[in-house]
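Biologist: Before I draw on this model at the bench, I would like to learn how to read its features in order. May we look at the structure together?

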There are 2 protein chains.
Amino acid sequence: MMNKQKHIPNRDVQDVIELIGGRWRGAILASLCDKEKRFNELKRDLGTITPRTLTKELKYLEINKLVIREVDAEGSISVVYSLTKHGMSLEPLIGQIVVWGQKHRKEVLG
Amino acid sequence: MMNKQKHIPNRDVQDVIELIGGRWRGAILASLCDKEKRFNELKRDLGTITPRTLTKELKYLEINKLVIREVDAEGSISVVYSLTKHGMSLEPLIGQIVVWGQKHRKEVLG
DNA sequence: AATAGCGCTATCTTTTTGGATACTACAATA
DNA sequence: TATTGTAGTATCCAAAAAGATAGCGCTATT
């Protein structure tokens, strides 16, 4: 055995948690796992988020290649947000977060 | 069908991410997945964390039942931090975070 | 023409987070 | 006895995150 190596590389944990962390990013991604959505649709979905924060977080996620912003300009203006391939690849992870939360929230989160 | 329910309960995502989020909590938990550790051992492991922050985060994790703080006072003073059952149950999740990070960091995190 | 909805932006303030730095009490070691 | 290590605390401060509130240009509806 003699395992002197670090079992888990903390750096990856830190980086990924920064990517999906904060108050809103995980929730936004989870909401987009469901289906692509428009700005105000997301806003309603997330409840108490302010438009300023939603804009900022969506931009962050776009820059980090997890979300796509598309303008469907056919007469009326409509913006659609959806997940990139990378974003979609987070779905099992987010699913597992949800499952863990459902199992443990009563005991851990009070 | 008429499924008006939210497919993924965002609230769980938000709560769990808060629990393991921030700059340090995930990394602390990951480090303790490896094995139980002492205060300064953790500090060295985490590199640039300040003692103030480490204390605070460990307290938070203790309050939220993910970490146990034990004092082994046998002549010399020694404090050991380890994971509770709930904390240990996060291991697969943290493992998946690491795996995702390793797969996607080059493309997403630059 | 007025109103409502969309997709934001702008400004200001509060809250949260976490770093810097110094210091402490105690014990073991040299 | 001086130094080193352990396990923290105490203060202060800067930066980041996020809320409150208002408003804007555009379109569709009534």
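Modeller: Certainly. Let us begin with the aromatic rings: across all chains, the structure holds 0 aromatic pairs. Please keep in mind throughout that this is a predicted model.

Biologist: Which residue lies over the face of Tyr60(A)?

Modeller: A ring may have a charged group over its face, and that is a separate matter from ring pairing. In chain A, Arg25(A) lies over the face of Tyr60(A), at 3.6 Å from the ring centre. In chain B, the charged end of Arg25(B) is placed over the ring of Tyr60(B), 3.6 Å from the centre of that ring.

Biologist: How should I read the confidence of chain A, and where does pLDDT stay under 50?

Modeller: The general idea is that predicted coordinates should not be read in detail where pLDDT is low. Chain A has an average pLDDT of 90, and 89% of its residues score at least 70. Among the elements of this chain, helix 4 of chain A has the highest mean pLDDT, 98, and helix 1 (residues 10–20) of chain A the lowest, 93. The stretch where pLDDT stays under 50 is residues 1–6 of chain A, and the model gives this stretch 1 contact beyond four places in sequence.

Biologist: Let us turn to the DNA. Which residues come nearest to DNA strand D?

Modeller: One begins with the residues around a strand, then asks which part of the DNA they approach. DNA strand D has 21 residues around it, and those that come nearest are Arg23(A), Asn40(B), Thr55(B), Arg69(B) and Tyr81(B). Of the atoms of DNA strand D that come within 4 Å of the protein, sugar and phosphate account for 67%.

Biologist: Which atoms of the protein lie by the phosphate oxygens of DNA strand D?

Modeller: Here one should separate side chain from backbone. Tyr81(B) places a polar side-chain atom 2.8 Å from a phosphate oxygen of DNA strand D, and for a polar side-chain atom of Arg38(B) the distance to a phosphate oxygen is 3.1 Å. Val79(B), by contrast, uses a backbone N or O atom, 3.1 Å from a phosphate oxygen of this strand. The elements that give two or more residues to the surface near DNA strand D are helix 4 (51–63) of chain A and, from chain B, helix 3 (39–46), helix 4 (51–63) and strand 3 (79–83). Helix 4 of chain B provides the largest share, 4 residues. By type, the residues of this surface comprise 5 nonpolar, 8 polar and 8 charged.

Biologist: How many residues surround DNA strand C, and which are the closest?

Modeller: The same reading applies. DNA strand C is surrounded by 21 residues, the closest being Asn40(A), Thr55(A), Arg69(A), Tyr81(A) and Arg23(B). Sugar or phosphate makes up 62% of the atoms of DNA strand C within 4 Å of the protein, and bases make up the rest. Side-chain N or O atoms lie by phosphate oxygens of DNA strand C at 3.1 Å for Arg38(A), 3.4 Å for Lys59(A) and 3.5 Å for Thr53(B).

Biologist: Which element gives the largest share of the surface near DNA strand C?

Modeller: Helix 4 of chain A does, with 4 residues.

Definitions and conventions: Residues numbered from 1 in each chain as written. Chains lettered and ligands numbered in written order. Predicted model: local features only at pLDDT ≥ 70, side-chain atom pairs only at ≥ 80, totals over all residues. Heavy atoms only, no water. Near = heavy atom within 4 Å. Polar contact = N/O pair within 3.5 Å; in protein donor to acceptor, adjacent residues only side chain to side chain. Nonpolar A, V, L, I, M, F, W, Y, C, P; charged D, E, K, R; others polar. Phe/Tyr/Trp six-rings, centres within 6.5 Å; stacked < 30°, edge-to-face > 60°. Lys NZ or Arg CZ within 6 Å of the ring centre and 35° of its normal. pLDDT = per-residue confidence, 0-100. Contact = heavy atoms within 4.5 Å.
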